[in-house]
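Here is an informal walk through one protein model, strand by strand and helix by helix. Keep the structure open alongside as you read.

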Amino acid sequence: MTTNAVIACGALVGHVQEIAQRNNLDLHIEALDPLLHNRPKEIAPAVEKEITRLSVSYPNLAIAYADCGTYGALDEVCERFNLKRLTGQHCYDVFVGAEKLKHEFEAEPGTYVLTDYLVRTFKRSVEEQLGLDKYPFLRDDYFHSYRRLLWLAQHPSKELSSAADQIAEKLGLKLELLHVGDVLLEQQLLALVAK
């Protein structure tokens, strides 16, 4: 019986599962709703609730979340339970590294970032959440300061490329692809699970 569990952001859970499989990790993976990113104040309480629930059965827990807009609230929860999380401010840091992402933002401050997950779920995660499906004229209010759409691609495919092109067209932004894979996430996850 496995004693290891990972509480994962729903936007990362597919990657966490793939990494666990290719490394033959015996993990219980608990996914939280990825739409919590639109309500970041709810992330830390949701993680704490899962820690409390899972710690009864799994003595070794890891948190597959970056800070994700909690402004330290998630760190406070991790500290109280003596647990570690992924480093970085958000999942973009997890995939590309904070320094590389900083360089990208400095090169073009008006950059809107996508991951494979966001490319796949853009309609639900962004359009519906911002009301753009009902009020498309709001696009210019939300995106008027952006100049570039940067896709941090983990596993680019023809289908995802087509979807990313459609998103760029909808937003009126120039699309750039940066193939980053999930190596940095894998390194961090393996380090968390090893502890």
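## A strand covered on both faces

Take β5, residues 148–153, in this predicted model. R148, L150 and L152 point one way from the strand, while L149, W151 and A153 point the other way. Both sets are buried, so the tally for β5 comes out at six of six residues buried, and the strand is mostly covered.

β5 has a paired strand on either hand. Strand β4 (residues 111–115) runs parallel to β5 and is joined to it by five bridges. Strand β6 (residues 174–179) also runs parallel to β5, this time with six bridges. If you want to find the register by eye, start from W151: its bridge partner in β4 is L114, and it stands opposite L177 in β6. Another spot to check is T115, which stands opposite L152 in β5.

## The sheet around it

Put those pairings together and you get an open sheet of three strands, ordered β4-β5-β6, with parallel pairing. β4 and β6 are the edge strands; each has a single partner, so one side of each is left without a neighbour in the sheet. On average, neighbouring strands here are turned by 25° against each other, ignoring direction.

A helix sits on this sheet too. α8 packs on it and touches β4, β5 and β6. The direction of α8 makes about 160° with that of β5. Angles over 145° count as roughly antiparallel, so by that cut-off α8 runs roughly antiparallel to β5.

## α8 and its helix neighbour

What does α8 do besides touching the sheet? It also packs with α6: the axes of α6 (residues 116–130) and α8 (residues 158–171) come within 8 Å and cross at roughly 45°. That angle makes the two helices oblique to each other, and the crossing is left-handed. On the α6 side, the contact is made by D116, L118, V119, R120, F122 and E127. On the α8 side, look for L160, A163, A164, I167, K170 and L171. Sorted by class, the contact has eight nonpolar and four charged residues, with no polar ones.

## A second helix pair

Now move to α2 (residues 43–54) and α3 (residues 73–80). Their axes are 9 Å apart and the packing angle is about 20°, which makes the two helices roughly parallel to each other. α2 passes α3 in a right-handed crossing.

The residues that meet are A44, V47, E48 and I51 from α2, and A73, L74, V77 and R80 from α3. Six of these contact residues are nonpolar and two are charged, and none is polar.

## Another enclosed strand

β3 (residues 60–64) has four of its five residues buried, so this strand is largely enclosed by the rest of the structure. It pairs with strand β1 (residues 4–9) in the parallel sense, over five bridges. For a landmark in that pairing, V6 stands opposite A62 in β3.

## Two loop residues with positive phi

Which residues other than glycine have a positive phi? N24 is one, with a phi of about 50°. It lies in the loop between α1 (13–22) and β2 (28–32), and it is exposed, with a relative accessible area of 72%.

Y71 is another, with phi near 50°. Its place is in the loop between β3 and α3. Y71 is exposed as well, at a relative accessible area of 79%.

## A buried alanine in α1

Is A20 buried or exposed? This residue of helix α1 has a relative accessibility of 6%, and buried means under 20%, so A20 counts as buried.

Leaving aside residues up to four places away in sequence, A20 touches L25, L27 and I29. There is a long-range neighbour to look at as well: the C-alpha atoms of A20 and E186 are separated by 8.8 Å, although the two residues are 166 apart along the chain.

How values were computed:
Residues numbered from 1 in each chain as written. Predicted model: local features only at pLDDT ≥ 70, side-chain atom pairs only at ≥ 80, totals over all residues. Heavy atoms only, no water. Axes fitted to C-alpha atoms, helices over the stretch in contact; angles between N-to-C directions. Parallel < 35°, antiparallel > 145°, perpendicular 65-115°, else oblique. Left-handed = near helix turned anticlockwise from the far one by under 90°. Contact = heavy atoms within 4.5 Å. Nonpolar A, V, L, I, M, F, W, Y, C, P; charged D, E, K, R; others polar. Buried < 20%, exposed > 50% of the residue type's maximum accessible area, 1.4 Å probe, protein only. Pairing = 2+ DSSP bridges.
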